[in-house]
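Please go through the model below with me, one question at a time, and reason each answer from the coordinates.

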Amino acid sequence: MITAKKVLKTNTIAFNNTFNKVPIRGLNVREQDLLMGLMAKMRGKGSEEILLSLPEVASLMGRDREHPSKTVEVANSLWAKVKETNYIDYIMRKPEPNEVKATLFSHFKALDDGVVVSLNPDLKYFLNDFNKGNYTAMKLNDFHGITNKHGKKLIRLISQYNSTN
């Protein structure tokens, strides 16, 4: 049963401010919406693998009427860009001498009927460990309401300072 409390919980994006320092390059508006939606959905779940149906994924992007093939296309495009970003400087342990790269998701797969995703355990603090004044929080609907990719980055940064006051 879906309750207002559950909707509020999944409708709120909250992440460690360190995430704002990560330079994920080239994300378009839909990809940013999906990334923030996934972060809202994965918040508080550690590095647990989650399976989302395509309608759920489209809803996380704020596009309930998105065609399933377009949803898969956006998910695959997001993954291609996120996996190119190196998170090694943000992991919470000292990297091994031969370790040169870390990705945000330890598992990500877009299927014909959904998306399977899990957060890298070394980066789970992005969505799970919130110290007072060290996180950003905003409503997912507010983020979806911004239609410009640069505006989305700006609202993340502004929300960071709004959350810390």
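Q: Which residue in S4 is the bridge partner of Ala 110?
A: The model is a predicted one, and in it S3 (105–110) and strand S4 (residues 114–119) pair in the antiparallel sense over five bridges. Ala 110 belongs to that pairing, and its bridge partner in S4 is Val 115.

Q: Which residue stands opposite Val 115 of S4 in the pairing that joins S2 to S4?
A: S2 and S4 run antiparallel and are joined by four bridges. Within this pairing, the residue that stands opposite Val 115 in S4 is Leu 52.

Q: In what order do the three strands lie in the open sheet, and why is one side of each edge strand left without a neighbour?
A: The pairing in this open sheet of three strands is antiparallel, and the twist averages 15 degrees from one strand to the next. Strand S2 (50–53) and strand S3 (105–110) stand at the edges and have a single partner strand each, so one side of each is left without a neighbour in the sheet. The order of the strands is therefore S2-S4-S3.

Q: Which residues of S2 make up the covered face, and which the uncovered one?
A: The residues of S2 divide between two faces. Ile 50 and Leu 52 form the covered face, whereas the uncovered face consists of Leu 51 and Ser 53.

Q: At about what angle to S3 does helix H4 run?
A: Helix H4, which spans residues 68–82, lies across both S3 and S4. Taken relative to S3, helix H4 runs at about 150 degrees.

Q: Is Thr 71 buried or exposed, and what is the relative accessible area?
A: Thr 71 lies in helix H4, and, leaving aside residues up to four places away in sequence, Thr 71 touches Leu 54, Val 57, Ala 58, Met 61 and Glu 66. Pro 55 is 16 residues away from Thr 71 in sequence, with 8.5 Å between the two C-alpha atoms. Since buried means under 20% relative accessible area, Thr 71 counts as buried, with a value of 0%.

Q: Which helix gives the most to the lining of the second largest pocket?
A: About 210 Å³ of space lies in the second largest pocket, and the residues of the lining divide into four nonpolar, three polar and three charged. Among the lining residues are Val 22, Pro 23, Ile 24, Lys 149, His 150, Lys 153 and Arg 156. With four residues in the lining, the helix that gives the most is H7 (residues 149–163).

Technical notes
Residues numbered from 1 in each chain as written. Predicted model: local features only at pLDDT ≥ 70, side-chain atom pairs only at ≥ 80, totals over all residues. Heavy atoms only, no water. 1 Å grid on protein atoms, 1.4 Å probe; cavity = no way out; pocket = protein on both sides within 12 Å on 5 of 7 lines; lining within 4 Å. Points joined across faces, edges and corners; volume = space filled by probe spheres on them. Nonpolar A, V, L, I, M, F, W, Y, C, P; charged D, E, K, R; others polar. Pairing = 2+ DSSP bridges. Axes fitted to C-alpha atoms, helices over the stretch in contact; angles between N-to-C directions. Contact = heavy atoms within 4.5 Å. Buried < 20%, exposed > 50% of the residue type's maximum accessible area, 1.4 Å probe, protein only.
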